[in-house]
Amino acid sequence: MTDSKNVNSKKKEKKFPHVYVVLLTIVAICGILTYIVPAGEFDRVETSDGRMVVDPDTFHYVEKSPVGIFGLLKAIPKGMAETADIIFFIFIVGGSFAVVEKTGAVEAGIGKITKSMAGKEKLIVPVIMAIFSLGGAVFGMAEETLPFIPIMVTLALALGFDSMTGVGMVLVGAGAGFAGAFMNPFTIGVGQGIAGLPLFSGIGFRVILYIAMITVSIIYVYRYANKVKVSPKISNMYEIDKTREDTLDLENIREITVNDKIVLMVVALTIVLLVVGVIQFGWFIPEIAALFIGMAIIVALFGKLGLNGFGENLVEGMANMAGGALIVGFARAILVVLTEGSIIDTILYGASNAVSSLPSVFTAIGMYIFQCLLNFIIPSGSGQAAVSIPIMAPLADLTGVTRQTAVLAYQLGDGISNIIAPTSGFFMAGLALAKVPWEKWAKWFIKLALIQYLIGAIFIIIAYAIQLGPF
């Protein structure tokens, strides 16, 4: 009986396709669509602040440009070229933290924290999630979460949780804040700007939305973490976590040395510079990557690894990131195919016409559903706003839905799927850094995602019912 159960469980595990297979299948489906869906385009116009947005009155059909088999294959390297900054960012951050880990300073520091948290481990989950959620809600923290993930995974394992809890504290926390954001300049700011709304108007309503999103998310992760701590084998990461090298043996943690303290101070200073750089100076991927290379060099010197140790561990860390990093390029290939086949605007045009034919309350929900689906194709928040808001804002005027509600539909549709869509670059990078397979994450997160989608729908209906304004 035991052998047959093992065979059956192995068969069940093999049923879910690898993420690379999923992405290639989607790319192939998009290729087929380029032969079926008529090609069309909107004209783009430049706004006063330099953004290129869709002119909603200019849709026209163009000559078909279907993507053949060789075109589909070329979409993969093209996708990698278009997302090279993200891919190399993953390599650099992963390599840099491999250097930090090799010094043993993080291990010693987390060991000390773990001992001091004895009996109070459960407080870590809500506190860390609340902090990251504010980052997502206030300044659109997304790529900026990546450096924290390896640290939080190691901390979660040391506290008796699993790696899913570690990455969940960061991604779910920031993701809930991003979806329920009340001041995110990259989604709300851009969306309201294109819709002609006062900047950050309707903030009171969104604060309530934020509280609902983060409360549900904290409860979900907190309950899961407690179950794993009691019964570690219920974790779908249990077998993988047993083979990890970035775990701590709490019985043999060495004392923190002066050099360890310097290394930890350099890491802490790097995080502070990261936050200041992003908020004050508009740093993005190149600047953040440069910051972490500098951190790794300094850490290697004070951690007594030397320059050769820096190089060796940097390369080893990068090698471990390869599988997860290259997923980003595969995901981008979907957008490459839709763009080269000239059908992405046709899909947008058709969806807007379908939504406009619905009764007002259903138009609002239709906008929300459309934005949720669109985010799987265009995972960039500002990019999605530039494409959809110029169409959805005037559509809202025609159907009795306020523009504020239309922007809210975009905000929620863009935010929730950011940490489940395999086309989301920073999300896949986070899983790569945590060494968590996408299929295991999807199985764990899907229930919370459905709850968040339901909360989003409820708030859209309320926004429509109260005619959330201004205009």
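**Entry 1: Met183**

I looked up methionine 183 and found it in the loop between helix H8 (163–179) and helix H9 (185–195); helices here are DSSP runs of H or I with at least four residues, numbered from the N terminus. This is a predicted model, in which local features need pLDDT of at least 70, side-chain atom pairs count only at pLDDT 80 or more, and totals for chains, interfaces and linings use all residues. Residues are numbered from 1 along each chain as its sequence is written, and side-chain values use heavy atoms, with hydrogens and water left out.

Is methionine 183 buried or exposed? I noted it as partly exposed, because its relative accessibility is 31% (buried is under 20%, exposed over 50%, with a 1.4 Å probe and protein chains only).

**Entry 2: the nonpolar patch**

Next I checked the surface: Met183 joins Leu134, Val138, Ile203, Val207 and Ile211 in a nonpolar patch with about 420 Å² of accessible area together. Patch residues have over 30% relative accessible area and no salt bridge (Lys or Arg side-chain nitrogen within 4 Å of an Asp or Glu carboxyl oxygen), with nonpolar side chains joined within 5 Å. I see H10 giving the largest share, three residues.

**Entry 3: the largest pocket**

I then turned to the largest pocket, which is lined by 39 residues, with Glu143, Arg332, Pro379, Ser380 and Gly381 nearest its centre. A pocket is an open set of points on a 1 Å grid where a 1.4 Å probe fits, with protein on both sides within 12 Å along at least five of seven lines; lining residues have an atom within 4 Å of a point. Helix H14 gives the most to this lining, seven residues.

Terms used. Helix = DSSP H or I, 4+ residues; strand = E, 2+ residues; numbered from the N terminus. Patch = residues over 30% accessible without salt bridge, like charges linked within 9 Å, V, L, I, M, F, W, Y side chains within 5 Å. Areas by Shrake-Rupley, 256 points an atom, 1.4 Å probe, with all protein chains shown as cover.
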